[in-house]
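Please open the model in your viewer and keep the sequence panel beside it, since each stop on this tour asks you to select something and then look around it.

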Amino acid sequence: MNLLAIECSTEVLSVAVWSAGEVCERADAPGPRHGDRLLPLIDAVLADARINKLDLAAVAFGCGPGAFTGVRMAVAAAQGIGYGLDIPALPISSLAALAQEGFERGAVAPILALADARMGELYAGYFDVDADGLVQSIGDERLVTPAALELPGDNIWCAVGPGERAHREALKQRFGYRLDRVDGPVYPQAGSIARLGARALRAGQGVSARQALPVYLRDKVAFTEAERRAKQ
């Protein structure tokens, strides 16, 4: 079973191939020009893995939440590949990929995946880890302010992601010892999309290209001029 994975919900663009339990991944340097780099990266990672496009069984993609442009690009690529090859698409939460990447880098469950939603808000997802070392959601994904963020139960949560870095001081003051973190930056990566996508494919969770849709959690992407003046 060969699976292509795409993740571009943040400034880090990455693609990967999952084949026979092994992951081959390529990531581009952070930047805004994902559209110019996605197709060349896909061709490069397929060449690295020595996989022909015609041998792909599915395409997994980070469906968000995250940067609107990046999420839409991943959706469009998955739809095009799914249609062109007549293979299923696998929408994978970008927050789940973020949590999985955090786990691979030493985060201890339960894991709080936090993406920076801008406008003073966070995309938040809550995850545990199963016996196979793959994250699984244990709560609804949310769009919240740091002041409205909640930590279920009385566990110590390990927070990962750009949202944790952007709001570190506010979160530290709010939760104190109940919020741990891992060292260094953590982003959702296509390798994690691939691992979670392989599990989804085995479970029969693939959808048609037509059903490969984004998850935004938010419709508004910027403040109006009046709202910006009110914040000053």
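## Stop one: a helix and its two ends

Select Gly106, which follows just after helix α3 and takes a positive phi of about 110 degrees. Keep in mind throughout that this is a predicted model. Now extend the selection back over helix α3, residues 94-104, which is mostly covered, with 9 of its 11 residues buried. The buried ones are Ser94, Leu95, Ala96, Ala97, Leu98, Ala99, Gln100, Glu101 and Gly102. As a reminder for reading any such element, an α-helix has 3.6 residues a turn, so residues three or four places apart point the same way. At the start of α3, select Ser93 and show its side chain, where an oxygen reaches to within 3.1 Å of the backbone nitrogen of Leu95.

## Stop two: the open sheet

Switch to a cartoon view and colour the five strands that form an open sheet, in the order β3-β2-β1-β4-β5, with mixed pairing. The edge strands are β3 (22-27) and β5 (89-92), each of which pairs on one side only. From one strand to the next, the twist averages 20 degrees. Strands of a sheet pair through backbone hydrogen bonds, either parallel or antiparallel, and the next selection lets you see both arrangements.

Select strand β1, residues 2-7, and ask how many of its residues are buried. The count is 6 of 6, so far as this model shows. Both faces of β1 are covered, with Asn2, Leu4 and Ile6 buried on one side and Leu3, Ala5 and Glu7 buried on the other.

Add strand β2, residues 14-19, which runs antiparallel to β1 and is joined to it by 6 bridges. A hairpin of 6 residues makes the connection between β1 and β2, and in the paired region you can find Ile6 standing opposite Val15 of β2. Then add strand β4, residues 58-62, which runs parallel to β1 and is joined to it by 4 bridges. Two pairs are worth labelling here, since Leu4 has Val59 of β4 as its bridge partner, while Ala5 has Ala60 of β4. Next, show helix α2, residues 68-85, which packs on the sheet and touches β1 and β4, its direction making about 175 degrees with that of β4.

## Stop three: the nonpolar cores

In soluble globular proteins, nonpolar side chains tend to be buried together. To look at this here, select Leu3, Ala5, Ala60, Leu90, Leu95, Phe127 and Val135, which touch the most other members of the largest nonpolar core, a group of 35 residues. Helix α6, residues 190-202, gives the most to this core, with 7 residues. Centre the view on Leu3 and, leaving aside its neighbours within four places in sequence, look for its contacts, among them Ala16, Trp18, Leu56, Leu90, Ala194 and Leu201. A second, separate core holds 26 residues, including Cys8, Leu13, Met73 and Ala78.

## Stop four: two cysteines

Select Cys8 and Cys63 together, and ask why the sulfur of Cys8 makes no bond with the closest cysteine sulfur. The closest one is in Cys63, and because it is 12 Å away, it is too far for a bond. A search of the whole structure likewise finds 0 disulfides. Both residues can be checked for cover as well: Cys8 is buried, with a relative accessible area of 1%, and Cys63 also counts as buried, at 6% relative accessibility.

## Stop five: two aspartates

Move to Asp130, which lies in the loop between β7 (121-129) and β8 (135-137). Is Asp130 buried or exposed? Its relative accessible area is 19%, and it therefore counts as buried, the cut-off being under 20%. Show the side chains of Asp130 and Arg199, which are joined by a polar contact of 3.1 Å. Not counting residues up to four places away in sequence, Asp130 touches Gln136 and Arg199.

Finally, select Asp180, which lies in strand β11, residues 179-181. Asp180 is partly exposed, with a relative accessible area of 44%. Leaving aside neighbours within four places in sequence, Asp180 is in contact with Ile156, Trp157, Cys158 and Ala159. To end the tour, draw a distance between the C-alpha atoms of Asp180 and Arg195, which are 15 residues apart along the chain and separated by 25 Å.

Terms used:
Residues are numbered from 1 along each chain as its sequence is written. This is a predicted model: local features need pLDDT of at least 70, side-chain atom pairs count only at pLDDT 80 or more; totals for chains, interfaces and linings use all residues. Side-chain values use heavy atoms; hydrogens and water are left out. Buried means under 20% relative accessible area, exposed over 50%, partly exposed in between (1.4 Å probe, protein chains only). Two strands pair if DSSP finds at least two bridges between them. A nonpolar core is a set of buried Ala, Val, Leu, Ile, Met, Phe, Trp, Tyr and Cys residues joined through side-chain atoms within 4.5 Å. Contact means heavy atoms within 4.5 Å. A polar contact is a pair of N or O atoms within 3.5 Å; within protein, one must be able to donate a hydrogen and the other to accept it, and residues adjacent in sequence count only if both atoms are side-chain atoms. Axes are lines fitted to C-alpha atoms, for helices over the stretch in contact, and angles run from 0 to 180 degrees between N-to-C directions. A disulfide is a pair of cysteine sulfur atoms within 2.5 Å.
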